[in-house]
Amino acid sequence: MLVGVISLATACARKDGSATAQVGSSTGSPVADSRQSSGTARTDGHGGSVAPPGLDERKGDKHLVEVLTTARSLAEAKGCFSCHQVDTKVLGPAFAWVAYRYQRDPKAVATLKYAIEHGVSGVWGSMPMPAQSVTPVEAEELVSWVLAQRPVAPPKSN
């Protein structure tokens, strides 16, 4: 999975630096909590991390963190957080749930990229996801960021 993110990092030309990520202590999210031991938990303003667990700027992951921060900013700019959050359901599933569902799917990038670009329905219930106004490169950047979240199983339905 990180191979795709790293490939994206090398191809990524967007480096606007508009992210609002902070380096600091955990916000209580599972993503940030799993990174506490490194002392570099990078949280977004929405209960999650801008980078996947295990990345550490001190170990040379700085460029990848920048790419994921840019992708996180793109998700904000495109309005993704109107329907999704990192670790809780809003209208759509939590990004961490999506990462969990597709973590072992070799077609995950293509499937999710298609869903963002063309819209889908019936995957996470009756609420359809409408097509988003993104370029193919932006869609792939968003998919890489979503799949880089710490996978968390969605709660079981009754």
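The exercises below, each with a worked solution, concern the helix packing in a predicted model of a single chain.

Residues are numbered from 1 along each chain as its sequence is written, and side-chain values use heavy atoms, with hydrogens and water left out. Because the model is predicted, local features need pLDDT of at least 70 and side-chain atom pairs count only at pLDDT 80 or more, while totals for chains, interfaces and linings use all residues.

**Exercise 1.** State how confident the predictor is in the chain, and where pLDDT stays under 50.

Solution. Begin with pLDDT, the predictor's confidence in each residue, from 0 to 100. Its mean over the chain is 73, and 61% of the residues reach 70 or more. Next, look at residues 1-44, where pLDDT stays under 50; for this stretch the model has 91 contacts beyond four places in sequence, a contact meaning heavy atoms within 4.5 Å.

**Exercise 2.** Give the order of helices and strands along the chain, and the share of its residues that is buried.

Solution. Helices (H or I, at least four residues) and strands (E, at least two) are DSSP runs, numbered from the N terminus. The chain has 6 helices and 2 strands, and their order along the sequence is α-β-α-β-α-α-α-α. Of the 158 residues, 41% are buried, where buried means under 20% relative accessible area, exposed over 50%, and partly exposed in between (1.4 Å probe, protein chains only).

**Exercise 3.** Describe how helix 3 and helix 6 pack, and name the residues that make the contact.

Solution. Two packed helices are described by the angle between their axes and the distance between the axes. Axes are lines fitted to C-alpha atoms, for helices over the stretch in contact, and angles run from 0 to 180 degrees between N-to-C directions. For helix 3 (residues 62-77) and helix 6 (residues 136-147), the angle is about 110 degrees and the axes are 9 Å apart. The two helices are therefore roughly perpendicular to each other, given that angles under 35 degrees count as roughly parallel, over 145 as roughly antiparallel, 65 to 115 as roughly perpendicular and the rest as oblique. On the side of helix 3 the contact is made by V67, L68, T70, A71, R72, L74 and A75, and on the side of helix 6 by E138, E141, L142 and W145. By class, these residues divide into 7 nonpolar, 1 polar and 3 charged, with Ala, Val, Leu, Ile, Met, Phe, Trp, Tyr, Cys and Pro counted as nonpolar, Asp, Glu, Lys and Arg as charged, and the others, Gly among them, as polar.

**Exercise 4.** Treat the crossings of helix 4 and helix 5 with helix 6 in the same manner.

Solution. The axes of helix 4 and helix 6 come within 8 Å and cross at roughly 85 degrees, and this pair is therefore roughly perpendicular. Here F95, V98, A99 and Y102 of helix 4 meet W145, V146 and L147 of helix 6, a contact with 7 nonpolar, no polar and no charged residues. For helix 5 (residues 108-118) and helix 6, the axes come within 9 Å and cross at roughly 125 degrees, and the pair is therefore oblique.

**Exercise 5.** Determine whether L142 is buried or exposed, and which residues it touches.

Solution. L142 has its place in helix 6 and is buried, with a relative accessible area of 4%. Leaving out residues up to four places away in sequence, L142 touches A71, L74, A75, C80, I116 and V134.
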